[in-house]
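Biologist: Please take me through one part of this model, slowly and from close up. Spell out each term as you go, since I am new to this.

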Amino acid sequence: MRVDDTVLVLPPVGARWRRATIRRRTRKVLRDLDLPASGVTPPILASAIAEKLGTAIELVEHALPARGPSGATFVDDSGYVVFFQSQTSVTHQAHHIIHELAHVLTGTFASVAQPTPPDVDCEEDMELIASIIACLVGLRAERVRSPEPTPTLTRLAVALDDYAERW
Ligand SMILES: [Zn+2]
């Protein structure tokens with residue numbers, strides 16, 4: 001898997017009709033995903049995106065500091081790992097997961113080796129994409145079961161705690 005396997009290309013900052021373009025491209029991406037007509041939950045959406053990208057996406061609950069990020073996405077050889085805040089409601093978790101999946105779709109996720117500070121413009125774009133997706137698929141929030149911990153997940157969780165501390 002390469003970082004340029006981006007399915008949703010963001011228009012340049014300052015482009016005309018930028019939000020409308022993002023909306024149109026998000027709609028197109030959703031049409032290309034193999035999604036059921038109703039009852040789409042965060043795991044269903046994640047696996048449809050994973051299939052499209054030919055990779056794996058794991059959704060992992062993690063206790064994040066209240067003042068830090070609500071989620072984070074890492075990529076490694078085996079695929080994407082999306083961490084989301086455990087200390088909140090299922091509805092908020094669903095929103096955080098979709099926001100992170102927007103990072104996956106646009107290829108704008110953190111690197112474990114070089115975590116970068118949040119980019120405000122990018123975060124706004126992700127919020128826009130997340131709300132479009134949630135609305136178009138009629139997203140249903142439900143408790144997400146995390147996978148069993150593996151050495152990789154534990155290592156990424158430690159990296160995430162470091163990242164959240166520098167937030
Ligand atoms: Zn974000």
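Modeller: What follows is a close look at the sheet and at what packs on it.

First, some ground rules. This is a predicted model, so local features need pLDDT of at least 70 and side-chain atom pairs count only at pLDDT 80 or more, while totals for chains, interfaces and linings use all residues. Numbering starts from 1 along each chain as its sequence is written.

Now the setting. The chain has five helices and three strands. Both kinds are DSSP runs numbered from the N terminus: helices are H or I with at least four residues, strands are E with at least two. From the N terminus on, the order is α-α-β-β-β-α-α-α.

Here is the sheet itself. Its three strands form an open sheet in the order S1-S3-S2, with mixed pairing. Two strands pair if DSSP finds at least two bridges between them. Strands of a sheet pair through backbone hydrogen bonds, either parallel or antiparallel. S1 and S2 are the edge strands, each pairing on one side only. Neighbouring strands are turned by 20° against each other on average, direction ignored. Such angles come from axes, which are lines fitted to C-alpha atoms (for helices, over the stretch in contact); angles run from 0 to 180 degrees between N-to-C directions.

Take the pairings one by one. S1 and S3 run parallel over six bridges. S2 and S3 are antiparallel, also over six bridges. S2 and S3 also make a hairpin, with two residues between them. Look at Tyr80 in S3. Tyr80 is the bridge partner of Val75. Tyr80 is also the bridge partner of Ile57. Phe74, in turn, stands opposite Val81 in S3.

How enclosed is S3? Six of the seven residues of S3 are buried, so the strand is largely enclosed by the rest of the structure. Buried means 20 or more other C-beta atoms within 10 Å of the residue's own; exposed means 12 or fewer, partly exposed lies in between, and C-beta atoms are placed from the backbone. Across the chain, buried residues make up 31% of the 167 residues.

Next, the helices on the sheet. H2 lies across S1 and S3, at about 145° to S1. H3 packs on the sheet too, touching S1, S2 and S3, and its direction makes about 150° with that of S3. H3 is itself largely enclosed, because 14 of its 17 residues are buried. It is followed by Gly107, whose phi is positive, near 70°.

Finally, the core. A nonpolar core is a set of buried Ala, Val, Leu, Ile, Met, Phe, Trp, Tyr and Cys residues joined through C-beta atoms within 7 Å. The largest one has 36 residues, and Ile49, Val82, Ile98 and Leu101 touch the most other members. Elements giving it two or more residues include strands S1 (57-62), S2 (71-76) and S3 (79-85). H3 gives the largest share, seven residues. In soluble globular proteins, nonpolar side chains tend to be buried together. Leaving aside neighbours within four places in sequence, Ile98 is in contact with Pro42, Ala130, Ile133, Ala134 and Leu139. Contact means that C-beta atoms, placed from the backbone, lie within 7 Å.

Conventions:
Contact = placed C-beta atoms within 7 Å.
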